[in-house]
Amino acid sequence: WEILGERKVNLGLDHDVIQVGSSEGVFTKLKIKVRKSGINLHRMVVHFGNGEKQEIEVREDIQKGSESRVIDLSGNKRIIKEVDFWYDTKGLLNDKAVVILWGRH
């Protein structure tokens, strides 16, 4: 597993993007790890280097210090351009979650 990027998320219902790019290589699986506070991850959209995208309904409650299920990407190994994710947070004002995107070659 390799870290592809991370974001400090806002409180409440929100949307963020993690830019990846071709220099990271090609991937077959993703997962999200969460630090500092928990989130409810609703969905993700993975944008591939060839212009295609994969929409993933996650609907998973991820506690602080834990991770999502492993998400299989469609097709063969693919370059990821960026990943959009939609979530809502569960922390207090000073406990903003940090979401870390991991990829597997």
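**Exercises on a predicted all-strand model**

The largest nonpolar core of this predicted model has 25 residues, and those with the most contacts inside it are Leu30, Ile39, Leu41, Met44, Ile80 and Leu101.

**Exercise 1.** Determine which strands each supply at least two residues of this core, and which of them gives the largest share.

*Solution.* Begin with the strands: S4 (29–35), S5 (39–48), S6 (53–62), S8 (78–89) and S9 (98–104) each supply at least two core residues. Next, compare their shares, and the largest, 5 residues, is found to come from S5. Finally, take isoleucine 39, whose contacts beyond four places away in sequence include Val9, Val34, Ile62, Tyr87 and Val99.

**Exercise 2.** Classify the aromatic pair in the structure as stacked, edge-to-face or tilted.

*Solution.* The structure holds 1 aromatic pair. Its rings, those of phenylalanine 85 and tyrosine 87, have centres 5.7 Å apart and planes at 35 degrees, so the pair is tilted, given that planes under 30 degrees apart count as stacked and those over 60 as edge-to-face. As a last step, check burial: phenylalanine 85 and tyrosine 87 are both buried.

**Exercise 3.** Find which arginines lie over the rings of tryptophan 86 and phenylalanine 48.

*Solution.* Over the face of tryptophan 86 lies arginine 43, at 4.0 Å from the ring centre. Turning to phenylalanine 48, the charged end of arginine 78 sits over its ring, 3.7 Å from the centre.

**Exercise 4.** Decide how the radius of gyration of the protein stands against the globule rule.

*Solution.* The secondary structure comes to 0 helices and 9 strands. The radius of gyration is 13 Å, close to the 13 Å that the rule gives for 105 residues, so the protein is as compact as a globular protein of that length.

Note on methods
Residues are numbered from 1 along each chain as its sequence is written. This is a predicted model: local features need pLDDT of at least 70, side-chain atom pairs count only at pLDDT 80 or more; totals for chains, interfaces and linings use all residues. Side-chain values use heavy atoms; hydrogens and water are left out. Rings of Phe, Tyr and Trp (its six-membered ring) pair if their centres lie within 6.5 Å; planes under 30 degrees apart count as stacked, over 60 as edge-to-face and the rest as tilted. Buried means under 20% relative accessible area, exposed over 50%, partly exposed in between (1.4 Å probe, protein chains only). A charge sits over a ring if NZ of Lys or CZ of Arg is within 6 Å of the ring centre and within 35 degrees of the ring normal. A nonpolar core is a set of buried Ala, Val, Leu, Ile, Met, Phe, Trp, Tyr and Cys residues joined through side-chain atoms within 4.5 Å. Helices (H or I, at least four residues) and strands (E, at least two) are DSSP runs, numbered from the N terminus. Contact means heavy atoms within 4.5 Å. The radius of gyration is taken over C-alpha atoms; the globule rule is 2.2 Å times the number of residues to the power 0.38.
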